[in-house]
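I opened this notebook to keep track of what I looked up about charged side-chain pairs and surface patches. The entries follow the order in which I checked them.

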Amino acid sequence: MDGRSLPDIVIEYSFYLLIFLVPIIWLPVNYELFEFNKMTLTYILATAIFGAWIFKGISERRLYIKRTPLDLVLLLFLAGNILATIFSNDPHMSIFGYYSRFNGGLLSTVTYIFLYYALVTHLDKEKAIKLLLVGFASSVLVAIYAIIQHPTPLFRNPDGSFRGIDAGYWDQNGEVRAFSTLGQPNWLAAYMAMFFFIGTSFLLTLEKNWQKLLILSGLALIFLGFTFTYSRGGTLGFVAGGILFLMLLFLSKPTFLEKIHDRILFVRRHIRVPKLGNDWRWFFGVIAIIVVSNLAFGNAFTKRGAAFDVSGSVTQLEIEGEQTGQIRLIVWKGALNTFKHYPIFGTGVETFAVSYYKFRPPEHNETGEWDFLYNKAHNEYLNYLSTTGIVGTLPYLALIIAFLFIVVGWLYFSTENKEKLLSLGLVSAYVSYLVQNVFGFSVVIIAILFFLIPGFFFIISDLEKSRNFVLLSEKNLKLLSAHPLWEYSSKLAVVILTAALVLLAINSWVADYYFAKGISGNTADVVYTNLSSATRLRPDEPLFVSELAAAEANLSHQVEDKDFAKKMEENSLKHIEKALSISPNNLGVWRNKLRVLFELVKVDHDRYLPDAIKTAEKVGELAPTDAKTQYNIALFYLLRDDPDYEKANDILKKVVSWRPQYLEARKQLVENYIDQGKNKEAKEQLNYLLTENPDDEKSLKLLKQLTKSD
């Protein structure tokens with residue numbers, strides 16, 4: 001073991017596993033196939049590193065963290081996130097992240113910052129470079145999968161035409177735009193671009209030709225995988241990173257003789273050509289890869305793939321469909337509206353999914369995604385602004401600016417060497433991510449790289465501060481030396497704590513497995529059984545508890561056993577209130593309460609209808625401009641024994657003004673007018689319906705009913 005302790009080995013190899021496995025892992029048995037598994041694995045490996053770090057500190061009687069130039073801004077950034085969580089509209093969501101995205105909650109941010117300090121504290125330059133090479137190898141594997149998602153001669157349809165390896169398996173069409181193991185083309189493009197620049201640096205620093213050839217081959221695969229994403233945001237990020245790489249390649253402080261030369265010739269700045277020697281040939285090989293790939297396969301702007309065949313869970317901004325520009329501007333407007341109302345602390349870390357509905361511009365109803373959920377602003381900076389306000393956004397921007405300022409300053413004064421070239425790749429990868437995030441948002445592996453890239457730079461450039469921040473010294477730990485039993489007990493406690501935290505992560509994974517089975521269940525009893533299992537494992541997750549409540553309410557009027565039906569009725573009420581106690585402002589939970597009461601109205605109309613109407617009104621307050629939500633509220637007013645037509649009509653008229661083609665709302669409005677004897681108003685709405693669809697069966701039935709009443 002070359003003299004290294006077991007904790008050192010655990011820390012080092014946990015980082016190797018982190019950078020290699022997180023991009024690759026996905027499992028088809030979860031509610032969210034990609035991000036959830038990546039986040040769970042990150043928590044498990046971070047826990048292993050944490051346990052090994054503490055164990056090592058006890059053994060060495062000294063626990064410390066290496067200082068870096070970003071310490072202050074990182075502390076401010078963390079403090080901003082903590083404050084935004086404390087004042088959050090939904091603290092549970094702010095801590096754990098929005099369920100299905102996971103990345104971005106306070107827990108994940110703390111984990112990433114911890115990994116940053118673990119990296120700079122425990123890995124030296126040699127290990128950091130090895131870790132980057134491991135990451136590059138993983139990105140090549142991810143790229144290979146992306147390439148064979150594209151139609152290829154390796155896989156053929158029955159008619160002999162080419163197909164991708166997983167054609168027909170996904171809702172998204174990977175043959176048109178590859179997404180590989182990251183689950184979405186834009187995320188894949190951001191990841192591929194980052195490691196393309198890091199790989200280019202290795203191409204210029206590795207010494208042996210066979211190593212360079214391997215790297216160049218990997219770069220060709222990565223760029224091909226990047227190309228098949230056809231991501232406009234990713235392409236803009238790649239271009240920005242490429243321009244920066246070329247600019248900084250020529251950046252250096254002129255020598256004394258060069259300054260004299262410039263003064264004599266009255267030139268403003270002497271440009272020194274980098275001393276790459278034979279590596280220029282390899283660099284031109286990189287340029288050739290880019291040119292040939294563009295000529296053969298086009299890019300996101302010259303050859304735009306057809307739209308995804310999508311399910312209801314995939315948005316235009318994720319697939320960059322026909323309405324991308326229009327919808328993006330609307331969502332950005334909603335994010336700014338949110339910030340205007342919550343300028344200091346925002347609505348809470350990772351709460352965009354629930355806060356956007358409150359400030360959703362009415363014009364969103366005019367788009368093709370009028371009834372889609374947007375859980376991100378699709379602009380990382382506006383997302384921070386709306387969810388963490390000024391206290392979270394300013395430190396985030398300060399963190400970025402401080403790092404870029406430090407890197408550029410170091411590159412200016414450094415000499416032409418391996419460290420400079422590696423740093424070029426790191427900062428170019430970082431900038432490509434920053435530009436891409438103007439049109440997107442980070443996911444687990446990208447967020448990990450966002451925090452680790454500065455750490456890699458400080459290790460490679462030797463800019464970690466020599467003075468460590470000592471958490472516990474030998475003096476503080478002298479009790480451990482008093483008797484061996486204290487040391488053994490402390491180490492055992494660390495092992496138990498580490499194992500307990502790992503088991504918590506595994507428990508969450510198993511709970512999600514049952515939740516996914518429950519949500520996709522075909523029968524009421526299968527849904528109930530699996531959701532019950534999920535809730536037993538994670539009774540603190542409001543999504544699980546509220547979905548279980550809805551399942552129980554559904555069973556309460558389906559089963560013949562009256563005692564069991566009564567139990568389901570009571571449990572559904574208990575569980576939905578528990579979910580609301582955890583997340584009192586969560587629109588999704590309130591909608592589930594509405595589902596619960598809708599089912600219970602079938603059990604006891606008079607008892608549950610008043611509460612159902614109040615709940616519908618609460619949902620309407622949380623989503624005042626959502627056409628479908630408002631339409632459902634109108635239906636509840638009509639369930640009364642004495643229907644409240646005036647309130648229902650006011651809502652329905654508002655709904656059809658937002659979305660004229662909402663035919664179901666118009667049909668209901670026609671029915672209401674006929675019931676009220678308002679035939680003139682009914683005819684106006686019916687004319688629109690018959691113009692849109694002259695053969696619609698329900699519209700024709702309403703026409704007969706209206707003619708008879710005349």
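By how many residues, and by about how much of a helical turn, are Asp-650 and Lys-653 separated in helix α26? I found them three residues apart in helix α26 (residues 645-658), which puts about one helical turn between them; helices here are DSSP runs of H or I with at least four residues, strands are runs of E with at least two, and both are numbered from the N terminus.

Before going on, I noted that this is a predicted model, in which local features need pLDDT of at least 70 and side-chain atom pairs count only at pLDDT 80 or more, while totals for chains, interfaces and linings use all residues. Residues are numbered from 1 along each chain as its sequence is written, and side-chain values use heavy atoms, with hydrogens and water left out.

Entry on the helix α26 pair. I recorded a salt bridge between the side chains of Asp-650 and Lys-653 at 4.0 Å, N to O, the term standing for a side-chain nitrogen of Lys or Arg within 4 Å of a carboxyl oxygen of Asp or Glu. Asp-650 is partly exposed at 44% relative accessibility, and Lys-653 is partly exposed at 40%; buried means under 20% relative accessible area, exposed over 50%, and partly exposed in between, with a 1.4 Å probe and protein chains only.

Entry on the salt bridge count. By the same rule I arrived at 24 salt bridges. One of them joins Lys-125 to Asp-462, with the closest N and O atoms 3.3 Å apart. Lys-125 lies in helix α6 (residues 125-149) and Asp-462 in the loop between α17 (444-461) and β4 (465-472), so this pair ties together parts that are 337 residues apart in sequence. Lys-125 is partly exposed at 25%, whereas Asp-462 is exposed at 53%. I also saw that Lys-125, Glu-419 and Asp-462 are linked in a network of salt bridges.

Entry on Asp-371. Its side chain meets that of Lys-628 in a salt bridge of 3.3 Å, N to O. Because Asp-371 sits in the loop between α14 (352-358) and α15 (380-413) and Lys-628 in helix α25 (residues 627-637), the pair ties together parts 257 residues apart in sequence. Asp-371 is partly exposed at 32%, and Lys-628 is partly exposed at 34%.

Entry on the surface. I listed a nonpolar patch of Ile-344, Ile-390, Leu-394, Leu-397 and Ile-401, with about 440 Å² of accessible area together. Patch residues have over 30% relative accessible area and no salt bridge, with like charges joined within 9 Å and nonpolar side chains (Val, Leu, Ile, Met, Phe, Trp, Tyr) within 5 Å; accessible areas come from the Shrake-Rupley method with a 1.4 Å probe, and for residues only the protein chains shown count as cover. Leu-394 is found in helix α15 and is exposed at 53%.
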